[in-house]
Every structure is written in C-alpha cells, then in structure tokens.
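Open the model in your viewer and keep the selection tool at hand. The stops below run from a loop contact to the whole chain, then to the sheet and its surroundings.

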Amino acid sequence: MKLIFVRHGKDDDRYRGGWSKLDLIPEGVEQAKQLAKHLKENNGEYKIGRIISSDLPRTMTTAKFISAELGIAIQEESRIRETNNGDLAGMLNDTALEQYPGLFFNSLRMDEAYPNGESPQDFYLRIKQWFWAFCSEYQNTDDNILIVTHGGVINVIYHLVAGIEWSNKSHAFKAANCSVHILDVDAMEFEVENRTDFLIV
C-alpha cells in the first residue's frame, strides 16, 4: 500500500495558520484544481481508492476538487490538523505580533502550549499516534490512500519514517503547497518527495 500525502493549496500568509478557519486564496484554488486534474489524469499510476482530509477549510477545499475529479468521497479526519495554535488561529500577523510579541511555533519550548492550544510535543504525539495506528490498520489495503493535510504534519511524518528526532525547530523536510509525497508503507520509505512539476501557478 502507498500513502499519497498532499499539502493544501496556498492560503493567506497575512494571517496565522494552525487551526485557522480561513480558506484558500484564489492562487491556492488554482493550485488545487491543477493538483486534482493531475491526480485524475495519472490515476492509473496513483491508484487512489480513498481520500482522507484534515477537516480544516483549506484542506477540505483542496480535497473537494480532488474528490470531484476522482469521484471518491472524502473522509474527514481531525487528528491530521496542523498544530493547534489556540488564540492565534487565523489572527492577523500584525495583531499577533502586537498581542503576543515573540510568540511563534519555533519559539515555544517543546512542552509549552499556545494560549488555549497545544504544545509542540502535544502536536508531535498526536501525529505520531495517528500515523502508526493508521499504517497498522490499513497495511493490507489494496488501493492507495490519498491524505490531504498540512506542511507541519508532513514534516513530522518524514521524521518518523526516517527515524530522525523531531522538534519544533526542525524543518528538514519541505512540503510546498499542493505538493505530492508518496510513501511506500511496505518499504517504509518515500518514493516521491515534494512533487510540484504539474503546477503552473
């Protein structure tokens, strides 16, 4: 079985992400449409049988374009959301800098939570527990599974697969908007990393 991870399309970088309820910007919508078209045109290669998506708006919108092209329903999964940044979710960067000066994901201690959110350690353990349980549950599935999620989530999974210690200061693995990352679960290695050659925006 292969897990095909894709990151959502571009959102508005004037705002803090995390659990933001903001959706894609027009450029992100175009990226999502191109991704969906690419997956449909190459589904003989991808062999996608299921679509699972983080339930935040920017991932769900991306997933809906893919769902429409492939004719596969979306299964929502809240456990693969980005870091819960609590009170800062969806906040304008300027406002966040004023109200929470110096507070960024990589400035937190591993055990220090966002105001009304989660800590980097909480986030890591959430993704780690979901990932290994998911691989165990679906390892004998014939069809490949497409997972629409976030850059931070994909970064954690790369660390887990490579056996590299993760921290909130680690950005070893990049995930561009609407990039494709294919994990061979049997070999437990990525055979495609950060593919975006199909995007023209």
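## First stop: a loop and its contacts

Select Gly 90. Leaving aside neighbours within four places in sequence, Gly 90 is in contact with Tyr 15, Arg 16, Gly 17, Ser 20 and Leu 22. Keep in mind throughout that this is a predicted model. Gly 90 sits in the loop between S3 and helix H4 (93–99). Is Gly 90 buried or exposed, or partly exposed? With a relative accessible area of 22%, Gly 90 is partly exposed.

Now add Asp 11 to the selection. Asp 11 belongs to the loop between S1 and helix H1 (26–41). Put a distance label on the two C-alpha atoms. Gly 90 and Asp 11 are 79 residues apart along the chain, and their C-alpha atoms are separated by 11 Å.

Asp 11 is buried, because its relative accessible area of 18% falls under the 20% limit. Show its surroundings next. Not counting residues up to four places away in sequence, Asp 11 touches Asp 23, Leu 24, Ile 25 and Arg 58.

## Zoom out: the whole chain

Switch to cartoon. The protein has six helices and six strands. From start to end, the sequence follows the pattern β-α-α-β-α-β-α-α-β-α-β-β. The radius of gyration is 16 Å, close to the 17 Å that the globule rule gives for 201 residues, so the protein is as compact as a globular protein of that length.

Show the C-alpha trace. Along its principal axes, the trace spans about 50 × 35 × 25 Å. Colour by accessibility: buried residues make up 50% of the 201 residues. Then turn to contacts with a separation of 6 or more. Residues 24 or more positions apart account for 71% of them.

## Into the sheet

Select the strands. In what order do the six strands of the open sheet run? The order is S3-S2-S4-S1-S5-S6, and the pairing is mixed. Strand S3 (74–76) and strand S6 (189–195) are the edge strands, each pairing on one side only. On average, neighbouring strands of this sheet are turned by 20° against each other, direction ignored.

Add helix H3 (residues 57–70). Helix H3 packs on the sheet and touches strand S1 (2–7), strand S2 (48–53), S3 and strand S4 (144–149). The direction of H3 makes about 160° with that of S2.

Add helix H5 (residues 120–138) as well. Helix H5 also packs on the sheet, touching S1, S2, S4 and S5. Its direction makes about 140° with that of S1.

## Strand by strand

Centre on Ile 51. Which residues are its bridge partners on S4 and S3? In S4, the partner of Ile 51 is Leu 146. In S3, the partner of Ile 51 is Ile 74. Both pairings are parallel: S2 and S4 pair over five bridges, and S2 and S3 pair over three bridges.

Move to S5 and S6. These two strands pair in the antiparallel sense over four bridges. Pick Val 180 to see one opposing pair: Val 180 stands opposite Arg 195 in S6.

## Last stop: His 181

Select His 181, which has its place in strand S5 (residues 180–184). Is His 181 buried or exposed? His 181 counts as buried because its relative accessibility is 0%.

Show side chains. The side chain of His 181 makes a polar contact with the side chain of Tyr 158 at 2.8 Å. The side chain of His 181 makes another with the side chain of Ser 179, at 2.8 Å.

Expand the selection to everything His 181 touches, not counting residues up to four places away in sequence. That set includes Leu 3, Ile 4 and Phe 5. Ile 154 and Tyr 158 are also among them. So are Lys 174 and Ala 175. Phe 190, Val 192, Glu 193 and Asn 194 complete the set.

Finish with two cysteines. Select Cys 135: it is buried, with a relative accessible area of 5%. Select Cys 178: at 0% relative accessibility, it counts as buried too. How many disulfides does the model contain? The count comes to zero.

Definitions and conventions: Residues numbered from 1 in each chain as written. Predicted model: local features only at pLDDT ≥ 70, side-chain atom pairs only at ≥ 80, totals over all residues. Heavy atoms only, no water. Buried < 20%, exposed > 50% of the residue type's maximum accessible area, 1.4 Å probe, protein only. Polar contact = N/O pair within 3.5 Å; in protein donor to acceptor, adjacent residues only side chain to side chain. Contact = heavy atoms within 4.5 Å. Disulfide = S-S within 2.5 Å. Pairing = 2+ DSSP bridges. Axes fitted to C-alpha atoms, helices over the stretch in contact; angles between N-to-C directions. Rg over C-alpha atoms; globule rule 2.2 N^0.38 Å.
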